[in-house]
Amino acid sequence: MAPSDFDIPRDRLPALLCAMPKAELHIHIEGSLEPELIFALAQRNGVSLPYANVEALRAAYAFTDLQSFLDIYYAGASVLLKEQDFFDLGVAYFKRAAADHVVHAELFFDPQTHTERGVPIGTVIEGLTRACEAAQRELGVSGALILCFLRHLSEEAAFATLEAALPYRGRFIGVGLDSSEKGNPPEKFARVFARCRELGLHLVAHAGEEGPPAYIWSALDVLHVERIDHGVACMGDPALVKRLVAERIPLTVCPLSNVKLCVYPTMGEHNLAALLDAGLCATVNSDDPAYFGGYINQNYLEAFAALPQLTARHAHQLAANSFEASFVDADTKARWNQELHKVFAAA
Ligand code: ADE
Ligand code: ZN
């Protein structure tokens, strides 16, 4: 596409951002649990909640940092008990994603949040697998699962989780690392990630969300991850940026999350435009959309509205990056890129 083809007026950008095909690579499926579904599942499963109603729960969504969010997020997930609950959760997400022209989503799930409440890991994986199958069949959206280890727990607990998941090895494509970042560096999980690497799993990790650039270095050098989740802190370390650019290591950036969790005071101060202009393979994602004020298109819309440096060329780059960074085959990526070009050519 010639540079002049990106000469699209700013007032046409919102429609283009919404219509362009895109992949979502950083979505915690438990973070798509809307308050209405929390209450419906609580009733269906006989779980009592410490909130009177949906409004009271939503009013509690005022976060000061990652930990203040995680406390509520883990409490919300306590209503998920049966395979049908995980299926319903996944289907609800895929319907929202399809409406946002997501063609492919790689879903994080946190088995330890459920197994510690006595929910078998197979219940979680079977329910989410069925949701992915339904999404492909009924919405034409492809889905894949990435099992995340909770980094506030021990490496031993991560090994036990991996062991329990191995009978379902064919149902997930990779592993990730999430939960409280500060004080839980990637090195803590060196041995379990080495084992996952031997098993041929894809590897990703949250790093540089609240933690320092050093955590991104160790995610790369110790864990050997293929993508960094968030990674916005990299801009504080020019040598790290150079490395990430040279190796085309993708960053799965989540703008609304970063503002809601006070990583940036306002969207206008977010570094998304700077990441792209530095040549990084940055992507836009929703993280925990039920908690942070919107799904993937809302992330694109609010970032582009607050950052006037972002143009149609950046929009195209972000969608192309999301395909490049996904764990699908080259032919599928080429097909999605053709669709993307068509949408831009018609704009
Ligand atoms: N789990 C769910 N959302 C998360 C985030 N933004 N960072 C770390 N762990 C998470
Ligand atoms: Zn995340």
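## The surroundings of ligand 1

In this predicted model, ligand 1 is surrounded by His28, Leu66, Phe69, Leu70, Tyr73, Asp178, Ser179, His206, Glu209, His230, Asp287 and Asp288. Sorted by class, this shell holds four nonpolar, four polar and four charged residues. Helix 4, which spans residues 66-76, supplies the largest share of the shell, with four residues.

Let us turn to the polar contacts. Three side chains place an N or O atom at the following distances from a nitrogen atom of ligand 1:

| Side chain | Distance to a nitrogen atom of ligand 1 |
|---|---|
| Glu209 | 2.8 Å |
| His28 | 3.4 Å |
| His230 | 3.5 Å |

How much of ligand 1 does the protein bury? Taken alone, ligand 1 exposes 260 Å², and the protein buries 100% of that area. The space that ligand 1 takes up is also the largest cavity.

Now for a residue that is not listed in the shell: Leu251 belongs to strand 7, which covers residues 251-253. Is Leu251 buried or exposed? Leu251 counts as buried because its relative accessibility is 0%, and the cut-off for buried is under 20%. Leu251 can also be placed relative to Ala207: the two are 44 residues apart in sequence, and their C-alpha atoms are 9.6 Å apart in space.

To bring the ligand site back into view, the protein buries 100% of the area that ligand 1 exposes when taken alone, and a polar side-chain atom of Glu209 lies 2.8 Å from one of its nitrogen atoms.

Note on methods
Residues numbered from 1 in each chain as written. Chains lettered and ligands numbered in written order. Predicted model: local features only at pLDDT ≥ 70, side-chain atom pairs only at ≥ 80, totals over all residues. Heavy atoms only, no water. Near = heavy atom within 4 Å. Polar contact = N/O pair within 3.5 Å; in protein donor to acceptor, adjacent residues only side chain to side chain. Areas by Shrake-Rupley, 256 points an atom, 1.4 Å probe, with all protein chains shown as cover. 1 Å grid on protein atoms, 1.4 Å probe; cavity = no way out; pocket = protein on both sides within 12 Å on 5 of 7 lines; lining within 4 Å. Sits in = over half its atoms within 2 Å of the grid points. Helix = DSSP H or I, 4+ residues; strand = E, 2+ residues; numbered from the N terminus. Nonpolar A, V, L, I, M, F, W, Y, C, P; charged D, E, K, R; others polar. Buried < 20%, exposed > 50% of the residue type's maximum accessible area, 1.4 Å probe, protein only.
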